[in-house]
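Please go through the fold below. The report starts from a loop residue, then moves to the sheet, the cavity and the overall shape.

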Amino acid sequence: GMSASDSFENEVLHYAFGVVAYTPPATWHIGLSSTDPGETGSTQTEPSGGNYARVAKTNNATNFPNVNPLANGTEILFPTPSANWLSGVNIGWFTLWDHATNTAAVNFKGSGQLTDANPALTGNIVRFPVGALQITMT
């Protein structure tokens with residue numbers, strides 16, 4: 001499951017109580033980290049280089065269907081690593097952002113620990129099958 005960031009929890013809380021209007025992101029961006037990103041994303045260790053990029057998924061009912069718990073409705077497929085990401089260190093977390101590259105706390109929406117921490121080695125594609133990323137507000 002995913003732990004929502006403090007900023008995302010506050011956005012939803014303020015929306016629920018009519019404090020502010022809320023417009024969901026048109027696109028979610030899924031990233032990877034070898035370390036626990038914490039509540040703000042500031043302690044993540046995200047790969048860079050080696051063809052790494054966050055995966056963009058349009059925010060719609062196909063990619064995120066109305067299931068409980070909420071989970072990905074289509075496969076999440078990262079680019080093929082052209083080098084070992086993070087020098088072959090195990091990737092143990094996924095991250096959720098509303099932007100492709102910005103790592104500011106306001107753009108970080110949450111993270112989840114992976115049940116299988118593995119390295120992303122040259123040529124080995126990181127993928128999450130349908131239903132693999134469960135998103136909760138814990």
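In which loop does Asn51 lie? Asn51 sits in the loop between β2 and β3. Strands (E, at least two residues) and helices (H or I, at least four) are DSSP runs, numbered from the N terminus.

This is a predicted model: local features need pLDDT of at least 70, side-chain atom pairs count only at pLDDT 80 or more, and totals for chains, interfaces and linings use all residues. Residues are numbered from 1 along each chain as its sequence is written, and side-chain values use heavy atoms, with hydrogens and water left out.

**Backbone points in loops**

Asn51 has a phi near 80°, a positive value in a residue other than glycine. Asn51 counts as partly exposed because its relative accessibility is 44%. On this scale, buried means under 20% relative accessible area, exposed means over 50%, and partly exposed falls in between (1.4 Å probe, protein chains only).

Leu86 is not a glycine either, yet its phi is positive, at about 55°. Leu86 belongs to the loop between β5 (76–77) and β6.

The peptide bond from Asn68 to Pro69 is cis, with omega near 0°. Pro69 is in the loop between β3 and β4 (70–71).

**Strands and sheet**

The protein has 1 helix and 9 strands. Along the sequence they follow the pattern β-α-β-β-β-β-β-β-β-β.

An open sheet is built from 5 strands, in the order β1-β7-β6-β2-β3, with antiparallel pairing. Its edge strands are β1 (3–4) and β3 (55–58), each of which pairs on one side only. Two strands count as paired if DSSP finds at least two bridges between them.

Three of the pairings are set out here.

| Pair | Bridges | Bridge partners |
|---|---|---|
| β1 and β7 (residues 108–118) | 2 bridges, antiparallel | Ser3 and Ser111 |
| β2 and β3 | 4 bridges, antiparallel | Thr27 and Thr58 |
| β2 and β6 (residues 91–97) | 5 bridges, antiparallel | Ile30 and Leu96 |

Is strand β2 (residues 27–33) mostly covered or mostly open? Mostly covered: 6 of its 7 residues are buried.

**Cavity**

How many cavities of 30 Å³ or more does the structure hold? It holds 1. A cavity is a set of points on a 1 Å grid over the protein atoms alone, where a 1.4 Å probe fits but cannot get out; lining residues have an atom within 4 Å of a point. Grid points are joined across faces, edges and corners, and a volume is the space filled by probe spheres set on the points.

The largest cavity encloses about 40 Å³. Its lining consists of Ile30, Phe64, Asn72, Ile76, Phe94, Leu96, Leu133 and Ile135. Ile30 and Leu96 are among these residues, and they are also bridge partners between β2 and β6.

By class, the lining has 7 nonpolar residues, 1 polar residue and no charged ones. Ala, Val, Leu, Ile, Met, Phe, Trp, Tyr, Cys and Pro count as nonpolar; Asp, Glu, Lys and Arg as charged; the others, Gly among them, as polar.

**Overall shape**

The C-alpha trace spans about 50 × 30 × 25 Å along its principal axes. The radius of gyration is 15 Å, which agrees with the value near 14 Å for a compact globule of 138 residues. That radius is taken over C-alpha atoms, and the globule rule is 2.2 Å times the number of residues to the power 0.38.

Of the 138 residues, 36% count as buried. Among contacts (heavy atoms within 4.5 Å) between residues at least 6 apart in sequence, 71% join residues at least 24 apart.

Methods: On a 1 Å grid over the protein atoms alone, a cavity is a set of points where a 1.4 Å probe fits but cannot get out, and a pocket is an open set with protein on both sides within 12 Å along at least five of seven lines; lining residues have an atom within 4 Å of a point.
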